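Hi everyone, thanks for making time. I'd like to walk you through one structure today, so have it up on your screens and follow along.

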Amino acid sequence: MRNLSLIFIISSLCLLTFSRCLLAAWQWKRVRQAGGLLPILKGGLRIDANQIALLAGIPLLLSPWMEEWPLAVDVTEIWFQLAWFLLVLLEVSTPQFIHEYDTRPNRLYVEYLKHPQEVFGMLWKGYKAMILAAVLALGLLAWLAYALFGQGVPDQDMVWWQNIVFFLSVAALLVLAVRGTFKHRPINPSTVAYCGDSMLNTLPLNSLYSVSYAVYSMKNERSAADVYGGLPVDAMHAVIRQCAALPAGTSQIPTLHRQVPAAQRSRPLNVVMIVQESLGAQYIGHLGGASLTPHLDELSNIAWTFTRAYATGTRSVRGLEAVTAGFPPTVSDAVLRLSGAQSNFFTMAQLLKQHGYRSRFIYGGEAHFDNMKSFFLGNGFDDLYDRQTFKDPAFVGTWGASDEDMFNKLHSLLAAPPGQPTFTLAFSVSNHSPWEYPSGRIVPDGNPATVHNTVRYADWAMGRFFEQARQSDYWNDTVFLIVADHDSKVAGASLVPLRHFHIPALILGADVSARRDDRLISQIDLPTTLLSIMGLATEHPMIGRDLTQMDGGRAMMQYGENYGYLKEDALIVLEPHKAASQYRYTAPATYTPTALDPVLAQEALAHVLWPAWAYRNQAYTLPHLRQKT
């Protein structure tokens with residue numbers, strides 16, 4: 001067992017160091033700019049020692065007392081081969097994960113395993129060569145594992161006092177390796193973070209450690225204070241209410257307030273939220289992007305067009321929680337997937353139900369993905385239309401029916417009103433890897449299966465819908481919001497890459513006047529603004545600003561473990577277990593370090609703590625729903 005353990009330790013260190021060097025070579029331009037390879041290797045040695053100590057510790061500690069037992073040797077062989085396989089699997093998966101998400105495998109890696117049909121279908125269609133290469137590498141390294149760990153023999157006996165010395169020495173070394181430091185706080189990812197590039201800060205980790213730590217960190221899911229530091233509850237509420245210009249709410253729902261619209265309407269407007277998948281500003285012509293969206297650019301001329309709108313995160317569920325519930329981001333998971341938010345949680349549908357609205361959700365994929373079905377149906381939505389409800393769709397890809405099929409469903413529902421005002425959430429699906437869409441709609445530029453061509457198709461499908469909508473009876477009675485959930489492939493050599501949170505946001509339809517609005521806004525400002533345009537006087541807990549009567553002036557975003565709070569050009573960045581840092585941001589990607597403004601830092605901290613507090617205390621709801629909890 002001692003020999004097997006020693007072979008495993010040396011082999012694992014070589015494997016992880018070799019993998020880390022390959023990743024660093026692949027990203028060498030960024031590595032060189034951040035100080036070279038040495039910080040990655042030094043931090044990696046500490047993290048690998050921690051990981052390998054956890055894997056090899058028990059066999060090493062037991063070896064003095066069980067070294068002559070053949071069964072113990074057999075179990076150790078199986079354990080080390082399994083541990084080796086996990087290390088190899090995660091490292092082999094890492095390059096593609098970094099390519100997609102600009103980080104090592106993390107909690108998202110585990111979450112995607114809950115949806116094997118969609119994820120493996122996407123991988124097979126889009127990355128066959130990568131999968132085949134990974135399977136080949138896994139096979140070769142599994143064979144190597146058997147050669148290294150599959151043929152162990154009992155160790156030679158040691159005298160009794162040698163067993164004791166060996167046991168105590170190994171125990172001390174294991175404790176040191178697992179803690180990784182003599183300081184009070186044990187080693188964690190922030191210990192080996194060394195630069196302002198979030199992706200590079202994950203290279204000292206190994207991917208099994210990264211995933212394990214992410215799963216372990218789920219115990220802090222509802223406690224942002226454990227990650228960023230605390231603030232007295234009363235002070236937190238005071239900051240939130242001051243920033244949102246809210247009066248004191250109730251003790252149970254501190255942000256509950258009455259929102260009075262800029263103008264009342266004799267007849268309520270229908271409202272449609274069109275959430276576009278992965279449509280960042282980098283693709284949008286009127287936002288200075290690649291001009292791949294001529295139809296959206298044309299609509300911007302007849303819409304209230306926000307030019308500085310920012311997403312709250314990098315996942316669809318994060319964007320959906322912002323626009324449908326006005327809920328700010330936190331380090332924990334989006335509320336769509338949290339067990340405590342599956343009923344009696346505030347959404348626009350819950351609110352509008354009190355005003356006689358019927359709420360519908362339209363999605364071309366399977367609505368169970370990311371727990372959307374449970375969350376929406378449990379929180380006020382009346383009807384759900386997903387892939388299985390689409391009759392004879394024109395095209396079905398890995399992620400579901402095409403955008404044109406989704407828009408066809410939307411048009412048919414709006415053209416046949418149910419006799420009451422409606423709120424409709426329509427979520428697109430086509431602009432997603434492996435970039436599938438029906439042929440004959442656009443003329444592809446080069447390889448059809450690229451993000452640029454899929455963006456062009458998504459724009460075509462939306463433009464086609466609005467040609468129909470503008471000629472339909474429902475146009476004058478309906479206000480539309482077009483907004484992206486997030487950008488695609490959010491990455492960058494910065495702690496929070498703001499240019500990849502920049503998204504399109506347009507409000508049009510009914511009697512909305514065309515205007516270009518250059519104010520800084522967040523996704524959470526959009527539902528409150530829609531309520532005002534609809535002419536509804538409402539009572540709700542949202543802290544977003546009514547942009548018909550107030551300025552925006554700030555945006556907030558969660559980027560992995562980092563939280564960004566942007567107020568005009570001042571960016572506060574909160575990192576786990578570190579002091580806040582401040583930068584002056586100049587678009588698209590210039591960050592100038594500045595002295596920390598303690599008032600602004602407290603404002604940022606309050607905004608990352610408050611959503612977690614509201615969720616934990618069931619304080620993001622409506623009074624009649626609160627009584628049910």
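So, Trp65: buried or exposed? In this predicted model, Trp65 sits in between, partly exposed at a relative accessible area of 43%. You'll find Trp65 in helix 3, which runs over residues 38-66. Trp65 also has company, because it belongs to a nonpolar surface patch of about 760 Å² together with Val159, Trp160, Trp161, Ile164, Val165 and Leu168, and for patches the cut-off is over 30% relative accessible area. Which helix gives the most to that patch? That's helix 8, residues 160-179, with five residues.

Okay, on to the spaces. The second largest pocket holds about 560 Å³. Four elements each give two or more residues to its lining: helix 4 (70-101), helix 5 (107-112), helix 6 (116-126) and helix 7 (128-149). Helix 4 has the largest share, seven residues. There are 20 lining residues, and if you want to click your way to the centre, go for Ser93, Gln96, Tyr109, Phe120 and Leu123, which lie nearest to it. By class, 17 of the lining residues are nonpolar, two are polar and one is charged.

There are closed-off spaces too: three cavities of 30 Å³ or more. The largest cavity has about 80 Å³ of space. Its lining includes Phe395, Trp399, His432 and Glu436, and splits into five nonpolar, six polar and one charged residue.

Now salt bridges. As a reminder, side chains of opposite charge can pair when their charged atoms come close. This model has 21 salt bridges, and I picked three.

First up, Arg337 with Asp333, where the closest N and O atoms are 3.0 Å apart. Both of these residues are buried. They're also part of a salt-bridge network that takes in Arg315 and Asp370.

Next, Asp551 and Arg519, at 3.2 Å between the closest N and O atoms. Asp551 is in the loop between strand 12 (538-540) and strand 13 (554-559), while Arg519 is in strand 11 (residues 515-522), so this pair ties together parts 32 residues apart in sequence. Asp551 counts as exposed at 52% relative accessibility, whereas Arg519 counts as buried at 19%.

Last one: Glu603 and Lys567, again a salt bridge, 3.2 Å from N to O. Glu603 is in helix 20 (residues 598-616) and Lys567 in strand 14 (residues 562-567), so we have distant parts of the chain linked, 36 residues apart. Glu603 is buried, at 8% relative accessible area, and Lys567 is partly exposed at 32%.

That's my tour, happy to take questions.

Note on methods:
Residues are numbered from 1 along each chain as its sequence is written. This is a predicted model: local features need pLDDT of at least 70, side-chain atom pairs count only at pLDDT 80 or more; totals for chains, interfaces and linings use all residues. Side-chain values use heavy atoms; hydrogens and water are left out. On a 1 Å grid over the protein atoms alone, a cavity is a set of points where a 1.4 Å probe fits but cannot get out, and a pocket is an open set with protein on both sides within 12 Å along at least five of seven lines; lining residues have an atom within 4 Å of a point. Grid points are joined across faces, edges and corners, and a volume is the space filled by probe spheres set on the points. Ala, Val, Leu, Ile, Met, Phe, Trp, Tyr, Cys and Pro count as nonpolar, Asp, Glu, Lys and Arg as charged, and the others, Gly among them, as polar. Patches are made of residues with over 30% relative accessible area and no salt bridge: like charges are joined within 9 Å, nonpolar side chains (Val, Leu, Ile, Met, Phe, Trp, Tyr) within 5 Å. Accessible areas come from the Shrake-Rupley method with a 1.4 Å probe; for residues, only the protein chains shown count as cover. A salt bridge is a side-chain nitrogen of Lys or Arg within 4 Å of a carboxyl oxygen of Asp or Glu. Buried means under 20% relative accessible area, exposed over 50%, partly exposed in between (1.4 Å probe, protein chains only).
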